[in-house]
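Please read these points with the structure open beside you, and follow each strand and helix as it is mentioned.

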Amino acid sequence: MADWKARMTVLGRGILPFVVVGAGVVGLMMFGRPPGVAKEPVGEAKAALVQVASPRPFTGEIVLQRDGVTGPFRRVTLAAEVSGRVVEKSDRARSGRFVESGQLLFRIDPTDYQLRVRQLEVQRDQADEDIRAVDVDLENTRRLIVLAERQWELEKRQLARAERLAAQNAISENGLEEAQRAELTARNNYQTLVNQRDALRQRRRTLLAARALIETQLEEARVDLQRTEVRAPLSGTVVKDHVESGDFVKLGDPLVEISEAGKKEVRCSLSLTDLMWIWMAAGVGPHGEIAPQRRFEVPPTPAEVVLTLKGREYVWSGILSRYDGTGLDVETRMVPCRVLVDGTEPVAIRDATRTLVRADSEKDERPVAAKPAASATGETLGKHAARGVETAAADGADSPRETADAGGASDAKAGERIPGPPTLFSGAYVKLRIRVRPKVRLWEIPEAALKPGNELWVVRNGRLRILPAPVARIEGARVLLWRSRCDLRDGDLLVTSPLPAAFDGLPVRVADDALRQTSGATAPRPSGPHADGDANANR
């Protein structure tokens with residue numbers, strides 16, 4: 001029995017591999033054939049389905065967005081113009097206080113300067129008396145000269161008679177000499193009086209010059225006396241006070257530092273690309289008839305200065321006014337610039353729903369329609385200041401109700417006071433939005449139409465054409481191309497959907513819904529006052 005089991009085991013081990021191999025061959029023959037696939041005719045490739053959009057000429061504004069820091073437009077250090085002890089200091093002359101122009105801040109001991117004024121007044125009066133005394137002497141001398149001149153005339157006639165008599169031997173020589181002696185004495189007396197008159201005239205001129213010097217010194221002393229009262233040269237906030245009542249100050253010692261109110265400057269840095277758009281909008285370039293100063297100054301451009309607090313934007317209007325230096329910063333490779341903000345109150349307030357809010361007064365602050373907001377802005381800051389905010393208002397809702405329905409209800413109700421900063425403080429971090437209209441021809445396309453490698457996939461006659469994309473600027477969901485360097489044509493369709501393998505000449509077909517969208521007009525464009533600025537506008 002044991003031998004039988006051993007023989008069967010050996011036999012099973014020898015036959016089993018052949019059985020498994022045979023079963024596999026039979027299964028492969030029965031089930032291993034692939035299903036039949038219909039072969040496409042040679043030369044007829046299947047067209048890829050694509051989504052498309054149409055390019056359109058760009059006619060809008062470009063928003064340049066940068067960060068900035070506010071600072072004072074003018075900061076004045078008020079110094080002592082005379083020496084002395086501070087006998088009075090105003091409570092307004094302390095750090096953080098607001099002072100009006102001409103307001104008294106300090107009083108320096110005026111005693112010495114009052115005595116100096118009095119001394120010079122006495123010297124001036126003495127000089128006047130000396131001049132009057134000379135005038136009296138001049139008048140007396142004038143009268144004596146008249147008498148001496150008459151005496152001289154008489155003596156000359158007497159001498160002439162004596163000479164005639166001497167010629168006739170009718171008078172002795174002694175008599176002739178006596179007549180000559182009398183005439184010489186009269187002439188000498190007359191000349192002495194004339195010399196005395198000339199000396200008095202010169203003395204009078206000297207006294208007048210001395211009096212003029214005293215008068216000048218008196219004016220200087222009076223000015224010094226006025227300078228003992230130190231007044232604010234402008235309206236602003238006291239940044240720092242250096243002295244207290246009782247301190248002795250010398251000429252030139254600083255007293256207070258005042259930051260001017262009403263005007264602020266925002267320090268920012270613009271790239272050369274940003275400045276290129278500003279130059280193009282202003283028509284400034286390397287060629288053409290341009291005033292020399294315009295080549296070295298930034299074109300004045302309206303700008304929005306935005307301070308964000310608790311989800312609400314407070315907007316001031318400003319002007320890009322000047323370069324802050326003469327060229328590029330060696331570290332950042334940016335051009336420092338200054339934006340001038342002329343005005344303390346914000347011209348617009350925008351809440352989190354982008355609702356435009358205007359503060360008419362402290363009693364009535366509520367959302368308003370777009371047109372009144374733009375009008376009020378223009379009345380507040382003039383044509384330059386109005387431009388930026390008018391653009392934002394024009395892109396907004398037509399009414400408070402429409403705005404609330406579209407983007408959520410505004411939290412500012414009629415008659416409700418809107419909290420916020422009363423002025424634009426120095427040192428605040430703000431955003432700048434500079435809106436320009438370049439005077440060049442551009443194409444506007446959706447961002448999805450720009451393919452990797454700066455390429456455009458254009459559908460022409462059912463075939464894909466790959467064109468280079470001369471990108472001028474990317475703003476959010478739109479791309480701007482230079483029309484002069486782009487081979488796009490009117491009526492071209494740009495592929496916005498991805499393709500697994502795109503090559504020039506690939507057969508494509510446009511989706512029906514995409515064709516309907518592009519036939520209506522153009523690709524959609526972001527709208528609203530922040531559509532351009534909220535995205536990465538400076539890519």
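1. In this predicted model, a good place to begin is strand S20 (residues 429-436), where six of the eight residues are buried, so the strand is largely enclosed by the rest of the structure. Strand S4 (residues 62-72) pairs with S20 in the antiparallel sense over eight bridges, and within that pairing valine 63 has arginine 435 as its bridge partner. Strand S14 (residues 301-309) also pairs with S20 in the antiparallel sense, here over four bridges, with valine 305 bridged to leucine 432.

2. A further sheet is open and consists of four strands, which follow the order S5-S12-S10-S7 with antiparallel pairing. Strand S5 (75-79) and strand S7 (98-99) each have a single partner strand and stand at the edges, so one side of each is left without a neighbour in the sheet. The partner of S7 is S10 (residues 236-241), to which S7 is joined by two bridges in an antiparallel arrangement, and phenylalanine 98 stands opposite threonine 237 of S10.

3. Among the helices, H3 (residues 173-227) contains glutamate 183. Is this residue buried or exposed? Glutamate 183 has a relative accessible area of 6%, which lies under the 20% cut-off, and therefore counts as buried. Leaving aside residues up to four places away in sequence, glutamate 183 touches Trp152, Glu155, Lys156 and Leu159.

4. Helix H4 (residues 272-282) has buried residues too, namely Asp274, Leu275, Trp277, Ile278, Met280 and Ala281. Just after H4 comes glycine 283, whose phi is positive, at about 75°.

Technical notes
Residues numbered from 1 in each chain as written. Predicted model: local features only at pLDDT ≥ 70, side-chain atom pairs only at ≥ 80, totals over all residues. Heavy atoms only, no water. Pairing = 2+ DSSP bridges. Buried < 20%, exposed > 50% of the residue type's maximum accessible area, 1.4 Å probe, protein only. Contact = heavy atoms within 4.5 Å.
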